Amino acid sequence: MVAKDAKIVVVGGAGTMGSSTALHLARRGYTDVRVLDVFQAPSAQSAGNDMNKLISTHYVEGIWGRLAFETWDLWTTDPLFKPFLHATGRLDVASPGSPREAKLRQQYELSRAHPRKHEVAWLSDEEDVRQRAGFLHRADIKDWTGLWVKDAGWVAARDALTAVARELNRLGVKSAFGSAGTFKELMLADDGETCVGVRAADGTEWAADVVIMATGAWTASLIDLQQQCVSKCWQYGHVQLSPDEVAALRDSATVYKSDMGFFMEPSPEGVMKFCNEFEGYTRVKSCQPFDAPAPVSISVPRSHALHPTDTIPAAGAEAIRGVIKTCFPQFAERPLFNTAVCWCADSFDGNWLLCAHPTYKGVVICSGDSGHTFKMLPLVGKYAADLIEGKLSEEDRERWRWRPEQRKSGDTGREGAQPEDLNSLPGWRHDGNGH
């Protein structure tokens, strides 16, 4: 059992999993929690530092169904998070006869039988879709079917992370940013196994009884995860709408199509984000994590905050334009701006890696967000705190444990092909050093 006055350092504490963990620890009465990050909250390297993120309860079975309901309840009841939820509903659509349609139909039947009795509807054809989404009146949706979910929508991601940071400050959580908050290595006792703190890039030594590595897509390049997680990125772009167009789309449902992409309503300022859906990109290069015996070739993020001229591959921009043309042909010729990628850590099986490190005593790994986790901002830290306090259920401990032996060659944690590598794609790099 960790004492309430134990020194706890959360590395990556200005991102999603780190800030949630720090919040739950502080709320439980831990009095010496410190977050470290390269950037102040919300960290410019966090995938959560974004205008908006999807949230839905369309999964009702299994672990993600359970977590979806738990986090939805927190977004709707916790005063810290409630202001940032926009419960607009969701259309999850597919083409007739596709495997995705079959999965959505299964989700629909499970939802109808679920004790929670949350509201869903099956969309059989174009007319059903337009009844739920009149804003798609010009869209090419003649072959769409799918699922409408009431308890869904989007969250104001950056604003929510900022609010958590303010609350951490109010609760007395300490912090260090810049070179003093940049992880260099673990500090070990003479036994070579007991972690006694973190050494930062500028040489600052942060003593700790517990070190939580919640460094998102950067984790595998900082500490050897034995290929349990792979850093991947996805792309997005924005178009500008007029005040009248914003008004017409206010409170509109989110739309997701697994073989196309997704979007949410525009901001009050008229900025509307579009994303295409695909397998993601890697960026393989040589690096040497803290405890790796030699350099390894793994996917390593390239921070947009540190490389602001980076955009997205030319093919990605074309794919995003395809989403816009299909759903809003009236916006098809608008300039696409603020294109960028955000990085996630995909575990090989799509589940979190939330466990004690098998070698270093006092080190907790909090990674493997797998693209599911910003919606879990109010919740994921609860499970990290439960792990530290020895309260995590046996089932969850087994699911999220250190498990490299379970990984099979080719596992990506997602459906579809292996991701392409950014190094082989043109159009995204504009610093004069290659593509």
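Buried here means under 20% relative accessible area, exposed means over 50%, and partly exposed lies in between, with a 1.4 Å probe and protein chains only. This is a predicted model, in which local features need pLDDT of at least 70 and side-chain atom pairs count only at pLDDT 80 or more, while totals for chains, interfaces and linings use all residues. Residues are numbered from 1 along each chain as its sequence is written, and side-chain values use heavy atoms, with hydrogens and water left out.

**Helix α2**

Helices (H or I, at least four residues) and strands (E, at least two) are DSSP runs, numbered from the N terminus. In α2, the buried residues are Ile63, Trp64, Gly65, Leu67, Ala68, Phe69, Thr71, Trp72 and Trp75. Contact means heavy atoms within 4.5 Å. The cover over the buried residues of α2 includes the strands β3 (53-56), β4 (85-86) and β8 (152-155), together with the helices α5 (157-170), α9 (380-389) and α10 (394-399).

The expected span of a helix is 1.5 Å times one less than its number of residues. Helix α2 (residues 62-77) has 16 residues and should therefore span 22 Å; the end C-alpha atoms of α2 are 23 Å apart, which agrees.

**The six-stranded sheet**

Two strands pair if DSSP finds at least two bridges between them. An open sheet of 6 strands, with mixed pairing, follows the order β9-β2-β1-β13-β23-β22. Its edge strands, each pairing on one side only, are β9 (174-176) and β22 (353-356). Axes are lines fitted to C-alpha atoms, for helices over the stretch in contact, and angles run from 0 to 180 degrees between N-to-C directions. On average, neighbouring strands of this sheet are turned by 15° against each other, direction ignored. Helix α9 packs on the sheet and touches β13, β22 and β23 (363-367); the direction of α9 makes about 20° with that of β22.

Strand β1 (residues 8-11) pairs in the parallel sense with β13 (residues 210-213) over 4 bridges. Val9 has Val211 as its bridge partner in β13, and Val11 has Met213. With strand β2 (residues 33-36), β1 also pairs in the parallel sense over 4 bridges, and there the bridge partner of Ile8 is Val33. In a regular strand the side chains alternate between the two faces of the sheet. In β1, Ile8 and Val10 point one way and Val9 and Val11 the other way, and all are buried.

**The three-stranded sheet**

A further open sheet consists of 3 strands in the order β10-β11-β12, with antiparallel pairing. Strands β10 (183-188) and β12 (205-207) are its edges, each pairing on one side only. The average turn between neighbouring strands of this sheet is 25°, direction ignored. Strands β10 and β11 (residues 195-200) run antiparallel and are joined by 5 bridges. Leu186 stands opposite Val198 in β11.

**Three individual residues**

The table gives the location and relative accessibility of three residues.

| Residue | Location | Relative accessibility | Class |
|---|---|---|---|
| Arg130 | helix α4 (residues 126-132) | 23% | partly exposed |
| Ala44 | loop between β2 and β3 | 38% | partly exposed |
| Arg302 | loop between β20 and α8 (314-327) | 8% | buried |

Neighbours within four places in sequence are left aside in the contacts that follow. Arg130 is in contact with Leu136, His137, Arg138, Ala139 and Ile141. The C-alpha atoms of Arg130 and Ile141 are separated by 8.9 Å, the two residues being 11 residues apart along the chain. Ala44 is in contact with Phe39, Asn49 and Ala305. Ala44 and His304 are 260 residues apart along the chain, and their C-alpha atoms are separated by 8.0 Å. Arg302 touches Arg283, His307, Asp310, Trp343, Trp428, Arg429 and Asp431.

**The second largest pocket**

On a 1 Å grid over the protein atoms alone, a pocket is an open set of points where a 1.4 Å probe fits, with protein on both sides within 12 Å along at least five of seven lines; lining residues have an atom within 4 Å of a point. Grid points are joined across faces, edges and corners, and a volume is the space filled by probe spheres set on the points. The second largest pocket has a volume of about 470 Å³. Its lining comprises 25 residues, of which Gln227, Cys229, Val230, Ile298 and Ser299 lie nearest the centre. Strands β14 (229-240), β20 (296-299) and β21 (337-347) each supply at least two residues of this lining.
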